[in-house]
Amino acid sequence: MKRAKFIALIAGFGFFFLALALQGIVPYLLPENRELKVARTVRTPLGELAEIKAEAAAYPEEQLRGRRVFIREGCWYCHSQYLRPTAGESRRWGPVSEFGEYAHDLPHLLGTRRIGPDLIRVGGKYGDDWHTAHFLDPRMVVPDSVMPRLDWLLAKDAATGKQTLNAEGRAVTAFVQGLGMGKGKWRDAFPYQLAESGSSSLESVAAIAHGRAVYLRRCIGCHGEKGDGQGTAPTTVLFAVALPRDFTAGVYKFRTTPSGSVPLDADLYRTITAGIRGTAMPPWFNLAEDQRWDLVHYLKTFSKDFKEYPPEPPIQIGRPPKPSAEMIAQGKKVFVEMKCWECHGPEGRGDGPASQTQEDDFGHKIPPANFTRGIFKSGPQARDIFRTFMTGLSGTPMPSFGDSFASPEDGWALTYFVLSLSADGKP
Ligand code: HEC
Ligand code: HEC
Ligand code: HEC
């Protein structure tokens with residue numbers, strides 16, 4: 001008996017020291033690890049050694065302040081920042097987290113609790129207007145949310161009396177908008193958000209009733225119960241970029257149909273799926289396909305135009321040709337000839353001579369798009385840009401140029417020129 005105890009004791013200590021040696025001491029003695037320790041470097045996904053920057057150097061000033069607010073408010077208590085390659089996480093939130101992405105985060109905020117969604121890829125998913133409303137009262141834009149109100153991140157705007165972000169609110173929004181952006185513009189190619197329409201559900205009484213149920217749950221905070229754009233969010237929060245659409249007007253910006261026509265069902269479906277970048281209008285690719293189609297059927301009941309003036313045939317977009325430096329140069333010529341610069345400015349910064357005076361049909365000031373930001377409301381693909389100027393954006397001063405092109409090649413040339421303005425010089 002004594003002997004057995006003695007052996008167990010020796011084995012216990014033996015294994016303890018063996019583990020200590022293998023997992024602690026030997027790795028410490030290996031030269032490559034000592035080098036890592038001394039130089040404070042990490043191995044990047046490409047296998048290179050990169051120096052760990054101080055947190056302050058890795059984040060722009062405002063985002064760094066936002067990160068501190070994020071930590072102080074305990075956002076990380078409900079929101080993890082790590083995407084696993086399991087259970088459709090990459091379908092819901094975006095590409096799986098990669099080795100090296102967190103190198104500069106001290107302390108890291110990976111988190112394990114998911115009372116709310118993972119946030120590591122949330123940058124660019126919503127516009128700042130959405131975040132403003134969501135911080136003031138999450139239930140305004142997501143009715144069954146359990147996220148707490150964070151109204152101390154807002155203050156009253158003196159001119160309008162509506163709520164807008166204060167300095168801390170802007171900082172934490174900048175931090176949230178930067179999350180996951182180190183991976184580049186992955187969202188521009190995110191298949192679920194780009195999905196062109198499949199086949200429509202049948203437009204029936206039942207489908208419209210179902211669409212109405214989905215609408216009442218997801219959309220009334222902004223578009224209002226009557227579809228008139230007078231939801232609680234835009235009436236209490238300052239929507240700086242764009243106001244939610246009044247659907248009773250039957251005026252839609254993003255269409256494949258010519259100027260003056262109502263959109264096709266497929267156009268509405270595309271807008272609902274992808275959202276409207278940079279504005280409060282979120283992408284809804286996580287809703288089931290039949291919910292999105294039934295929403296389309298319900299939205300159409302708000303305006304008689306859909307029944308009285310059926311949509312005209314869509315324009316032909318076709319397949320974009322391969323971009324080249326010559327095409328971009330040709331596109332620049334077209335840009336000058338067609339006077340796009342009058343509104344959009346000679347360098348596409350949205351600061352042309354006519355830019356200050358543009359108003360939309362609802363009487364609100366509307367700045368011409370600044371192409372250098374690379375945020376396109378209707379989508380980032382070549383065919384989205386092409387569609388925009390071929391059909392125009394109804395209800396806004398952005399005209400339709402569908403009849404103005406000598407050849408479709410000029411249209412594609414103009415498209416690539418517009419895209420090149422935000423491409424850091426890379427065609
Ligand atoms: C008590 C838990 C909790 C806390 C604390 C919390 N959230 Fe949330 N958050 C949620 C829940 C639940 C959702 C999902 C419902 C919704 O969108 O409101 C959410 C959603 C979000 C979303 C949208 C994510 C998406 O992909 O749709 C963002 C962004 C967000 N929160 C940011 C923050 C920030 C920033 C803070 C801190 C200032 C914070 N949250 C604090 C629970 C929380
Ligand atoms: C947080 C606010 C918000 C919510 C919630 C919201 N929207 Fe919007 N929506 C907007 C804003 C803002 C615009 C106008 C953007 C613009 O004109 O640039 C818009 C515009 C639209 C448009 C017009 C597109 C066009 O071609 O002109 C459609 C369609 C639309 N929303 C559908 C929906 C549906 C369906 C839902 C619910 C599933 C919804 N929205 C929920 C803010 C919201
Ligand atoms: C009379 C002024 C005016 C002229 C001329 C004009 N635009 Fe615009 N354009 C606008 C306005 C205003 C918007 C913003 C609409 C919005 O935000 O809803 C816009 C938006 C756009 C967008 C962005 C769409 C998106 O998805 O965000 C593109 C691309 C565009 N214009 C291309 C052109 C091209 C190319 C020309 C010349 C062939 C041109 N525009 C001429 C006023 C103009």
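Which helices each supply at least two residues of the shell around ligand 2? In this predicted model, the helices that do so are helix 6 (128-136), helix 11 (220-223), helix 13 (265-274) and helix 14 (289-300). The shell as a whole comprises 27 residues, of which Cys219, Cys222, Ala242, Lys253 and Met281 are the closest to ligand 2. In terms of class, 19 of the shell residues are nonpolar, four are polar and four are charged. Two domains take part in the surroundings of ligand 2: domain 2 (56-189) and domain 3 (191-308) each contribute at least three residues.

The overall architecture may be described next. The protein contains 19 helices and four strands. Along the principal axes, its C-alpha atoms occupy a box of roughly 100 × 50 × 50 Å. Of the 427 residues in the protein, 33% are buried. Among contacts with a separation of 6 or more, 66% are between residues 24 or more positions apart.

Helix 1 spans residues 2-29 and thus has 28 residues. From its first C-alpha to its last, helix 1 reaches 38 Å, which is close to the 40 Å expected at 1.5 Å a residue. A bend of about 40° is nevertheless present in helix 1 at Ala21. The number of buried residues among the 28 of helix 1 is zero, so this helix lies largely in the open.

A contrasting environment is found for helix 18 (382-391). Eight of the 10 residues of helix 18 are buried, and the helix is therefore largely enclosed by the rest of the structure. The buried residues are Asp384, Ile385, Phe386, Arg387, Thr388, Phe389, Met390 and Thr391. Helix 19 is included in what covers the buried residues of helix 18. Immediately after helix 18 comes Gly392, which has a positive phi, near 75°.

Helix 18 also takes part in the surroundings of ligand 3, where helix 17 (341-344), helix 18 and helix 19 (408-420) each supply at least two residues of the shell. Ligand 3 is surrounded by 26 residues, with Cys340, Cys343, Lys377, Ser378 and Met398 the closest. This shell consists of 17 nonpolar, five polar and four charged residues. Met398 is located in the loop between helix 18 and helix 19. With 22 other C-beta atoms within 10 Å, Met398 meets the threshold of 20 or more and is therefore buried. When residues up to four places away in sequence are not counted, Met398 touches Gly392 and Leu393. A separation of 14 Å lies between the C-alpha atoms of Met398 and Gln356, which are 42 residues apart along the chain.

Ligand 1 has 22 residues around it, and those that come nearest are Cys75, Cys78, Gly116, Ser145 and Met147. The shell around ligand 1 is made up of 16 nonpolar, four polar and two charged residues.

Several individual positions outside these descriptions were also examined. Lys339 lies in the loop between helix 16 (325-337) and helix 17. Most residues other than glycine have a negative phi. Lys339, although not a glycine, has a positive phi of about 60°. Lys339 has 11 other C-beta atoms within 10 Å and is therefore exposed.

Thr248 occupies a place in the loop between helix 12 (232-236) and helix 13. With 15 other C-beta atoms within 10 Å, Thr248 is partly exposed. Apart from neighbours within four places in sequence, Thr248 is in contact with Gly227, Asp228, Phe302 and Ser303. The C-alpha atoms of Thr248 and Lys226 are separated by 8.3 Å, the two residues being 22 residues apart along the chain.

Ala167 belongs to helix 8 (residues 167-178). Having 11 other C-beta atoms within 10 Å, Ala167 is exposed. Although Ala167 and Arg65 are 102 residues apart in sequence, they are 9.7 Å apart in space, C-alpha to C-alpha.

Key. Residues are numbered from 1 along each chain as its sequence is written. Chains are lettered from A and ligands numbered from 1 in the order in which they are written. This is a predicted model: local features need pLDDT of at least 70, side-chain atom pairs count only at pLDDT 80 or more; totals for chains, interfaces and linings use all residues. The expected span of a helix is 1.5 Å times one less than its number of residues. The bend at a residue is the angle between axes fitted to the seven residues ending there and the seven starting there. A residue is buried if 20 or more other C-beta atoms lie within 10 Å of its own, exposed if 12 or fewer, and partly exposed in between; C-beta atoms are placed from the backbone. A residue is near a molecule or strand if its C-beta atom, placed from the backbone, lies within 6 Å of it. Ala, Val, Leu, Ile, Met, Phe, Trp, Tyr, Cys and Pro count as nonpolar, Asp, Glu, Lys and Arg as charged, and the others, Gly among them, as polar. Domain bounds come from an automatic or database domain assignment. Two residues are in contact if their C-beta atoms, placed from the backbone, lie within 7 Å.
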